Amino acid sequence: MPDRTPTSAAATAKYIFVTGGVTSSLGKGIISASLAKLLQARGFRVTIQKFDPYINIDPGTLNPYEHGECFVTDDGAETDLDLGHYERFLNTATSQANNVTTGRIYNHVIRKEREGAYLGKTVQVVPHITDEIKRRMLLLGQGGEFDVVITEIGGCIGDIESLPFVEAVRQLRWELPPNDSLVIHLTLLPYLAAAGELKTKPTQHSVRDLREAGLQPDILVCRSEHPIPMEMRKKIALFCNVKINSVIESLDADSIYSVPLLMLKEQLDDRVIKKLKLTGGSPSPDLEAWKDFLGRLKNPTEEVTIALVGKYVELPDAYKSINESFIHAGAQNECKVTVRSIQSEHINVDNVAQLLHGVDGVLVAPGFGERGFEGKVAAIKYVREKGIPFFGICLGMQCAVVEFARNVLKLEGASSTEMDAQTPHPVINMMEEQKAITQKGGTMRLGSYNCELRKGSKAAKAYGRNHVSERHRHRYELNNDYLGQFEEAGLIASGLNPDTGLVEVIELRDHPWFVAGQFHPELKSTVQNPHPLFVRFVRAAIQHHKNEI
């Protein structure tokens with residue numbers, strides 16, 4: 001047996017690995033983010049990373065129905081939607097280093113092999129793939145920037161795809177100094193109504209599978225619909241080889257933002273701090289601002305209905321950040337925001353009034369391709385003419401430009417070249433630098449870009465400043481050849497990129513709230529800092545609701 005020696009890359013942080021078993025979608029990301037929030041609230045510097053077992057290099061080319069939304073970071077990485085949870089809970093930006101896939105690992109190792117980096121050795125899963133996984137797992141903890149690095153392992157224990165990641169964690173636990181790492185295993189206690197009791201066997205089997213892979217969990221977080229009796233906790237502790245106070249109950253919550261308080265009650269942070277021998281933090285977490293947010297969220301004084309018009313509405317995770325941004329903005333306005341999802345394919349000029357009846361605002365969502373495009377255009381025409389607050393994001397902005405060109409400027413056949421390459425009026429056109437690109441993955445205009453807002457505009461008033469930076473993910477833009485006509489007719493470019501002159505924000509002069517951005521504001525909305533455009537949009541919807549009463 002080899003000596004247990006520290007890994008060659010000296011660790012400067014403590015490492016927490018979060019695995020899952022029994023079933024997917026148990027909420028590893030929320031548990032990871034909640035634990036990180038509790039540690040951050042004690043004064044520790046925390047970051048979270050997600051290791052995904054799929055072979056795609058990143059989720060950028062995945063259909064949202066496959067994997068939910070693609071979350072874009074400031075540095076232009078297309079990442080897993082769990083990074084959105086991390087940012088919303090911690091109010092700190094993530095980066096490309098926070099999301100790693102099997103595809104990225106293999107791509108890196110194969111390129112090194114082609115370059116001759118392995119000196120003719122046979123390249124294998126162990127040690128070459130696992131070494132690269134370990135290197136990336138330790139990367140964020142080596143710069144002295146963080147006290148704790150939480151690593152969420154995607155998928156379930158027992159999945160073939162996850163095995164290299166689990167093996168890498170096993171090796172790291174052997175190589176890292178004692179008390180520098182721990183494993184949290186999230187599992188399920190199903191409730192059998194016929195028997196009238198919770199069942200522990202799936203959890204026992206999941207832990208058995210984990211131990212067969214060489215990992216012993218330090219803490220078990222058990223998802224359950226019902227409180228876990230003490231006798232059952234003792235049974236789980238006994239058969240899963242963990243301390244009884246390390247069996248953590250995770251009941252279904254009314255909001256994901258309640259989970260940190262539930263984990264605080266279960267003393268998850270205390271268990272972690274003691275096991276890692278973390279020092280220097282405060283005795284208890286400061287969660288006053290978080291509790292204030294929850295108080296406003298759960299005790300609204302207003303209520304509005306917002307229509308979310310998109311082409312992926314059947315899967316809520318496809319617009320996860322948008323839905324969460326409405327929660328943040330609603331709490332800021334002490335308002336309950338009910339989101340009515342409407343499939344844009346189903347909208348036409350004949351039924352648009354019926355489908356949008358009773359809404360206080362309409363958000364037209366981002367997307368790619370022509371499916372549902374005309375429905376979005378029809379919805380925008382209706383809200384523009386009826387004075388209903390409107391907010392467009394990315395393709396939603398482009399649809400607003402097309403609608404205005406067709407129905408106000410009377411440019412017959414106006415469209416985006418994405419939808420109609422032969423349009424006589426390409427008011428939305430592909431960016432010049434995108435025209436020669438043939439590869440799809442990671443080649444769009446991605447990440448943060450600056451925007452200068454026009455003084456006195458609705459957008460500038462919402463932000464409270466004239467210079468902002470927002471995240472992008474697109475290939476097409478407003479064609480500046482038509483900008484003069486738009487401005488003259490009342491659709492102004494209230495935000496421009498200072499370096500390229502590309503239009504970032506448009507708005508209507510004579511409308512209660514008609515604002516659209518080429519960027520994705522939902523990606524920067526957090527509990528601590530709700531996005532100002534969402535806050536003002538909800539406020540406009542509240543005013544519209546009052547006017548309609």
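**Exercise 1. Find how strand 2 and strand 6 pair, and over how many bridges.**

*Solution.* Start with the pair itself: strand 2 and strand 6 are joined in the parallel sense, over 6 bridges. Keep in mind that this is a predicted model. Next, pick out one residue to follow: V46 has V148 as its bridge partner in strand 6. Then turn to another neighbour: strand 2 is also joined to strand 5 by 3 bridges, and these two strands run parallel. Here K50 has N99 as its bridge partner in strand 5.

**Exercise 2. Work out whether the faces of strand 2 are covered or open.**

*Solution.* First, recall a general idea: side chains in a regular strand alternate between the two faces of the sheet. Now sort the residues by side. One side has V46, I48, K50 and D52, the other has T47, Q49 and F51, and all of them are buried. Buried here means under 20% relative accessible area. The count agrees: 7 of the 7 residues of strand 2 are buried. Finally, look for a helix above the strand: helix 3 (residues 82–90) lies across strand 2, strand 5 and strand 6, and runs at about 170° to strand 2.

**Exercise 3. Place the strands in their sheet and name the edge strands.**

*Solution.* Write down the order first: the open sheet has 7 strands, arranged 5-2-6-1-7-10-11 with parallel pairing. Now read off the ends. Strand 5 (99–101) and strand 11 (247–251) are the edge strands, since each pairs on one side only. From one strand to the next, the twist averages 20°. At the strand 11 end, 5 bridges join strand 11 to strand 10 (residues 219–224), in parallel. One of the partnerships there links R223 with S250 of strand 11. Helix 8 (residues 230–240) packs on the sheet, touching strand 10 and strand 11, and its direction makes about 125° with that of strand 11.

**Exercise 4. Describe how helix 12 crosses helix 18.**

*Solution.* Two values describe packed helices in general: the angle between their axes and the distance between the axes. For helix 12 (residues 320–332) and helix 18 (residues 532–548), the axes come within 9 Å and cross at roughly 65°. The two helices are therefore roughly perpendicular. The crossing is right-handed. Now list the residues: I322, S325, F326, A329 and Q332 of helix 12 meet F534, V535, F537 and V538 of helix 18. Sorted by type, the contact has 7 nonpolar residues, 2 polar and no charged.

Key. Residues are numbered from 1 along each chain as its sequence is written. This is a predicted model: local features need pLDDT of at least 70, side-chain atom pairs count only at pLDDT 80 or more; totals for chains, interfaces and linings use all residues. Side-chain values use heavy atoms; hydrogens and water are left out. Axes are lines fitted to C-alpha atoms, for helices over the stretch in contact, and angles run from 0 to 180 degrees between N-to-C directions. Helices (H or I, at least four residues) and strands (E, at least two) are DSSP runs, numbered from the N terminus. Angles under 35 degrees count as roughly parallel, over 145 as roughly antiparallel, 65 to 115 as roughly perpendicular and the rest as oblique. A crossing is left-handed if the near helix is turned anticlockwise from the far one by less than a right angle, and right-handed if clockwise. Contact means heavy atoms within 4.5 Å. Ala, Val, Leu, Ile, Met, Phe, Trp, Tyr, Cys and Pro count as nonpolar, Asp, Glu, Lys and Arg as charged, and the others, Gly among them, as polar. Two strands pair if DSSP finds at least two bridges between them. Buried means under 20% relative accessible area, exposed over 50%, partly exposed in between (1.4 Å probe, protein chains only).
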